Amino acid sequence: MRIVIAGGHGQIALRLERLLAARGDEVAGIIRKAEQADDLRAVGAEPVVLDLESASAEEVTERLRGADAAVFAAGAGPGSGATRKDTVDKAAAVLFADAAVRAGVRRFVVVSSMGADPEHQGDEIFDVYLRAKGEADAHVRSLDALDWTILRPGMLTDDAGTGLVRLEAHTGRGPVPRDDVAAVLAELVDTPATAGLTLELIAGSAPVSVAVKAVAGN
């Protein structure tokens, strides 16, 4: 498979790129800065320099052409203000999804956030973030041309992955290592039977492949 990942230099994306490349997939990661390219090459991914905050729809569509799947893993990051929550977590996600439709890429996986909700109330930065992610998710869900899956992890940690997770429509809050989020994403990309599902993810007791098969109905 050829898989294009938005937010290719993110902590989850770099882990995912390594997993996908190791299993033989062709992986391209979209990054904002050329100096991030070597980090992608080190994990086996092709760096694609493109700023999703300023790119045109045509530019993004061109980068997605020929892909078998796309993953939106970009984020404004914890130090960013409310404006970038809208330009990255919402607008860039919408742009990437629309470009996938134009490029004919059906399989589309989103890294969202637990609690994302377009109706979320509040004016704190995190409130704006949850609203932006919720609005982006709602847009993706509205696109019939995509076989989308939305993944909403709990509190992300840098603990070593265990390969054991809880993956359900509603898990309740809890932590999850970034390693295990990446492992679940790698399985989801390859499991189109999870299309149309919004899933929450925390640490648990089911092996990743078993958890994904279970939500896929296998």
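**Close-up 1. Glutamate 17, a buried acid without a salt bridge.** In this predicted model, glutamate 17 is buried (under 20% relative accessible area, with exposed over 50% and partly exposed in between; 1.4 Å probe, protein chains only). No salt bridge (a side-chain nitrogen of Lys or Arg within 4 Å of a carboxyl oxygen of Asp or Glu) is formed by glutamate 17, and the nearest side chain of opposite charge, arginine 18, is 8.7 Å away; Lys and Arg count as positive, Asp and Glu as negative, while His and the chain ends are not counted. Glutamate 17 sits in helix H1 (residues 11-22); helices are DSSP runs of H or I with at least four residues, strands are E runs of at least two, and both are numbered from the N terminus. Beyond four places in sequence, glutamate 17 touches Ile5, Gly8, Val27, Gly29, Leu40, Val43 and Ala45, where contact means heavy atoms within 4.5 Å.

**Close-up 2. Valine 212 in helix H7 (residues 208-216).** Here is a buried side of the story: valine 212 has a relative accessible area of 1%. Its contacts beyond four places in sequence include Leu167, Val184 and Glu187.

**Close-up 3. The kink in helix H4.** A bend of about 35° is centred on alanine 91, taken as the angle between axes fitted to the seven residues ending there and the seven starting there. Just after H4, glycine 104 adopts a positive phi of about 80°.

**Notes.** Residues are numbered from 1 along each chain as its sequence is written. Local features need pLDDT of at least 70, side-chain atom pairs count only at pLDDT 80 or more, and totals for chains, interfaces and linings use all residues, while side-chain values use heavy atoms, leaving out hydrogens and water.
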